[in-house]
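Me: I have a chain here that I would like to understand better before I go back to the bench. Could you pick one loop, look at it closely, and then walk me outward to the parts around it?

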Amino acid sequence: MSLIAAGTGTAPADPETLENNGFWPAITPADFREATRLDGTVTAPRLVQALQVAMADINRQLADWQAEQQDDSAATLGDVTAPVWALPDHYALLYRRAVYATAHASLLERYRDVSATNEGDERGEAKDESADDLRRDARWAVAEIEGRDHTTVELI
């Protein structure tokens with residue numbers, strides 16, 4: 001049994017939204033909780049902190065891209081012209097994925113040491129792998145926003 005799972009506890013009341021820097025969309029903690037299947041084990045203050053740190057991290061990674069878009073007259077992400085093949089709200093979708101994956105990875109790492117059985121170490125290792133996968137998802141989402149490939153390969 002995982003301590004961060006679906007349907008095992010009542011989720012606490014989360015704030016309506018977490019405002020962003022004006023360019024990137026606000027983040028709704030309830031949407032994050034539902035998308036990642038987090039229950040009441042993760043308290044509202046801890047969830048908010050993880051999301052705010054993730055937003056700051058992703059905003060930092062995308063600061064140059066944001067500046068380029070603003071130099072091209074985009075006041076907000078909604079003003080950025082997406083590629084013709086993209087879904088509506090393409091960049092916002094990728095941004096949320098990056099923030100959600102970063103916050104979820106952080107929460108998984110924080111809760112890995114709590115165990116009611118001797119299986120805690122094994123579950124902790126499994127959660128590390130999941131956290132690594134989530135961090136990869138965040139990197140890929142950032143790369144897609146910036147128009148980069150997911151991998152860079154060089155001959156040594």
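Reply: Happy to! Let's begin at S73, which sits in the loop that links α3 (63-71) to α4. Please keep in mind that this is a predicted model. The backbone at S73 has a phi near 80°, a positive value although the residue is not glycine. That deserves a remark because most residues other than glycine have a negative phi. S73 is also exposed, because its relative accessible area of 66% is over the 50% cut-off.

The loop between α3 and α4 also holds D89. Here too phi is positive in a residue other than glycine, with a value near 65°. D89 counts as exposed, because its relative accessibility is 53%.

Next comes α4, the helix that covers residues 90-110. It meets helix α1 (residues 29-36), and the two axes come within 11 Å and cross at roughly 70°. That angle makes α1 roughly perpendicular to α4. The crossing in which α1 passes α4 is right-handed. On the α1 side, the contact is made by D31, F32, A35 and T36, and on the α4 side by Y100, A103, H104 and L107. Sorted by class, the residues of this contact are 5 nonpolar, 2 polar and 1 charged.

Helix α1 has another partner to look at: α2, which spans residues 44-61. The axes of α1 and α2 lie 11 Å apart, at an angle of about 95°. The two helices are therefore roughly perpendicular to each other. In this contact P29, F32 and R33 come from α1, while A44, L47 and L51 come from α2. The class count for α1 with α2 is 5 nonpolar residues, no polar ones and 1 charged. F32 is listed in the contact with α4 and in the contact with α2, so it is a handy residue to display while you look at α1.

Now for the segment before α1, where D14 is found. D14 counts as buried, because its relative accessibility of 17% is under the 20% cut-off. Its C-alpha atom is separated by 5.5 Å from that of A44, although the two residues are 30 apart along the chain. If neighbours within four places in sequence are set aside, D14 is in contact with P29, A30, R33, A44 and L47. Among these, P29, R33, A44 and L47 also take part in the contact of α1 with α2.

N20 lies in the segment before α1 as well. Its side chain makes a polar contact of 2.8 Å with the side chain of N59. Without its neighbours within four places in sequence, N20 touches P25, A26, M55, N59 and Y95.

Finally, here is the whole chain in brief. It has 5 helices and 0 strands, so the order from the N terminus reads α-α-α-α-α. Of its 156 residues, 40% count as buried. Among contacts between residues at least 6 apart in sequence, 69% join residues at least 24 apart. The pair D14 and A44, at 30 residues apart, is one you can look up straight away.

Key:
Residues numbered from 1 in each chain as written. Heavy atoms only, no water. Axes fitted to C-alpha atoms, helices over the stretch in contact; angles between N-to-C directions. Helix = DSSP H or I, 4+ residues; strand = E, 2+ residues; numbered from the N terminus. Parallel < 35°, antiparallel > 145°, perpendicular 65-115°, else oblique. Left-handed = near helix turned anticlockwise from the far one by under 90°. Contact = heavy atoms within 4.5 Å. Nonpolar A, V, L, I, M, F, W, Y, C, P; charged D, E, K, R; others polar. Polar contact = N/O pair within 3.5 Å; in protein donor to acceptor, adjacent residues only side chain to side chain. Buried < 20%, exposed > 50% of the residue type's maximum accessible area, 1.4 Å probe, protein only.
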